[in-house]
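Notebook open, coffee at hand. Here is what I looked up, entry by entry, with the structure alongside.

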Amino acid sequence: MHLDFELKDNTLIVRLSGDMDLGKADYLRNSLEAVLDQQQVNNLIFNLAQVTFLDSSILGVLLGRYKRISKKGGKVCIVEPQPQVRRILEMSGLFQVMEEFPGEDIALKNIG
Amino acid sequence: MQFINQMKLKFLSIPANVAFARVTVAAFASQLDYTLSDLEEIKVAVSEAVGNSIVHGYDQAPDYYIEIFATLTADTLEIRIKDDGKGIENVEKALQPAFSTDAERLGLGFVFMHSFMDSLKVESQPGNGTLVIMSKRVGASIAQISTEQ
C-alpha cells in the first residue's frame, strides 16, 4: 500500500492505493492520526482512485477520522472511487456523511 | 450434490492473511464461470469473515488458526470459514446491520457477506468458536433463458 499526504489550505488530501483491508487498517489509522495530531487540518479528502479493494475494516478507519474532523466543524469527502469500491461505500451509507467528487480540484473548491 | 473440486486452507490469525485468504478463495472460485464482479463480491465476503475471526473471534491474538474449506459443484461455490475463538454470544443480534462491539467498526461485515453471497449461515456458541457457511451460485443474478420453443 502506498500512502500519500498533501496539505492544501488546511485541507489534507490523502491518496490511498492498492488493496485496503484489515492488514492495512492499523497502519492507515496510525498514519492519519499522526498527521492530524501534528498539522492544522480542517477538512479531509480521501482520494480512492487507485484503491482496488476495500472492506469494512477500512470503512471503520474512514468513519473514525470523519468523527474527529466533523467534531470541529470540518468536512470529509471522497474522490473518484472505482466502481467495486464505490459499491461498498454506497452500501455502508458513508456517502450520507461524506460527499463524493469526481476530482481533487472540485472537492477542494466545494470544501473551502 | 456432486462436487468437482475441494480445497482446505489453514493459516495464522494475523491481518496479513486476510488478503491471502480472499485471493486464494477467488482463484479457486474462478474455476467456475463467475463474472469479475462475482469474484469481487466473493473477495469481500471472505475478507469480512476472516476479519471477524481475527478481530472478534481471537481478539487480535496472532497465534491461533483459521480454517477455510471450499467446495465447487457444477454451479456453486460453498465456503466454510472456521475459527476456534471466543464465539458469538447472540448470533441473531450480530447479524443485524450496524451492530458492532467496537466503536470504530461499522457492524457491516455480516451485511456484506449476506448481500454478496446467495446464502449465509452462522453457527457459534460462546467459547466454542464460529463457523460461517456461505455459498454463491454462478449467474445467480441472471435470469434463466429457455431455449424450448
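**Entry 1: ground rules.** Before anything else I settled what I call a helix: a DSSP run of H or I with at least four residues, numbered from the N terminus. I also reminded myself that this is a predicted model.

**Entry 2: a salt bridge inside one helix.** With that in hand I went to helix α1 of chain A, residues 22–38, where A:Asp26 and A:Arg29 both sit. They are three residues apart, about one turn of the helix. I found a salt bridge between A:Asp26 and A:Arg29, with the closest N and O atoms 2.7 Å apart. Are these two buried or exposed? A:Asp26 has 44% relative accessibility and counts as partly exposed; A:Arg29, at 21%, also counts as partly exposed.

**Entry 3: more salt bridges.** How many salt bridges does the structure hold over all chains? I noted 21. In chain B, I looked up B:Glu40 and B:Lys43, whose closest N and O atoms are 3.5 Å apart in their salt bridge. Both belong to helix α2 of chain B and are three residues apart, so about one helical turn separates them. Another one joins B:Lys82 to B:Asp84, at 3.1 Å between the closest N and O atoms. B:Lys82 is partly exposed, with 28% relative accessibility. Back in chain A, I came across a network of salt bridges that links A:Asp4, A:Glu6, A:Lys8, A:Arg15 and A:Glu104.

**Entry 4: the two sides of α4 in chain A.** A:Glu104 from that network led me to helix α4 of chain A, residues 104–111. Which residues of this helix are buried? I listed A:Glu104, A:Ala107, A:Leu108 and A:Ile111. They span an arc of only 100° around the axis, which means they lie on the same side of α4(A). On the face turned away from that buried side I found the exposed residues A:Asp105 and A:Lys109. I then checked what covers the buried residues: the cover includes β1 (3–8), β2 (11–20), β3 (43–54), β4 (76–79) and β5 (99–101) of chain A.

**Entry 5: chain B in outline.** Chain B has four helices and five strands, and along the sequence they follow the pattern β-α-α-β-β-α-α-β-β. Of its 149 residues, 48% count as buried. I also looked at how far contacts reach: among those in chain B between residues at least 6 apart in sequence, 64% join residues at least 24 apart. The accessible surface of chain B comes to about 7,900 Å², with 52% of it belonging to carbon and sulfur atoms.

**Entry 6: the sheet of chain B.** In what order do the strands lie? I read β1-β2-β3-β5-β4 for this open sheet of five strands in chain B, with antiparallel pairing. Its edge strands are β1 and β4 (119–124) of chain B, each pairing on one side only. On average, neighbouring strands of the sheet are turned by 10° against each other, direction ignored. Helix α1 of chain B (residues 16–29) packs on this sheet and touches β1, β2 and β3 of chain B; its direction makes about 170° with that of β1(B). I also followed α2(B), which lies across β1, β2, β3 and β5 (130–137) of chain B and runs at about 10° to β3(B).

**Entry 7: a closer look at β2(B).** Seven of the nine residues of strand β2(B), residues 65–73, are buried, so the rest of the structure largely encloses this strand. On one side I traced antiparallel pairing with β1(B), residues 3–12, over nine bridges; here B:Asn5 has B:Leu72 as its bridge partner. With β3(B), residues 76–83, the pairing is again antiparallel, over seven bridges. There the partner of B:Thr71 is B:Glu78. Two residues lie between β2(B) and β3(B), which form a hairpin.

**Entry 8: positive phi in a loop.** Most residues other than glycine have a negative phi. I therefore flagged B:Asp59, which has a positive phi of about 50° although it is not a glycine. B:Asp59 is in the loop between α2 (36–57) and β2 of chain B, and is partly exposed at 49% relative accessible area. B:Gln60, found in the loop between α2 and β2 of chain B, has a positive phi near 70°. At 40% relative accessibility, B:Gln60 counts as partly exposed.

How values were computed: Residues numbered from 1 in each chain as written. Chains lettered and ligands numbered in written order. Predicted model: local features only at pLDDT ≥ 70, side-chain atom pairs only at ≥ 80, totals over all residues. Heavy atoms only, no water. Buried < 20%, exposed > 50% of the residue type's maximum accessible area, 1.4 Å probe, protein only. Arc of directions from axis to C-beta. Contact = heavy atoms within 4.5 Å. Pairing = 2+ DSSP bridges. Areas by Shrake-Rupley, 256 points an atom, 1.4 Å probe, with all protein chains shown as cover. Salt bridge = Lys/Arg side-chain N within 4 Å of Asp/Glu carboxyl O. Axes fitted to C-alpha atoms, helices over the stretch in contact; angles between N-to-C directions.
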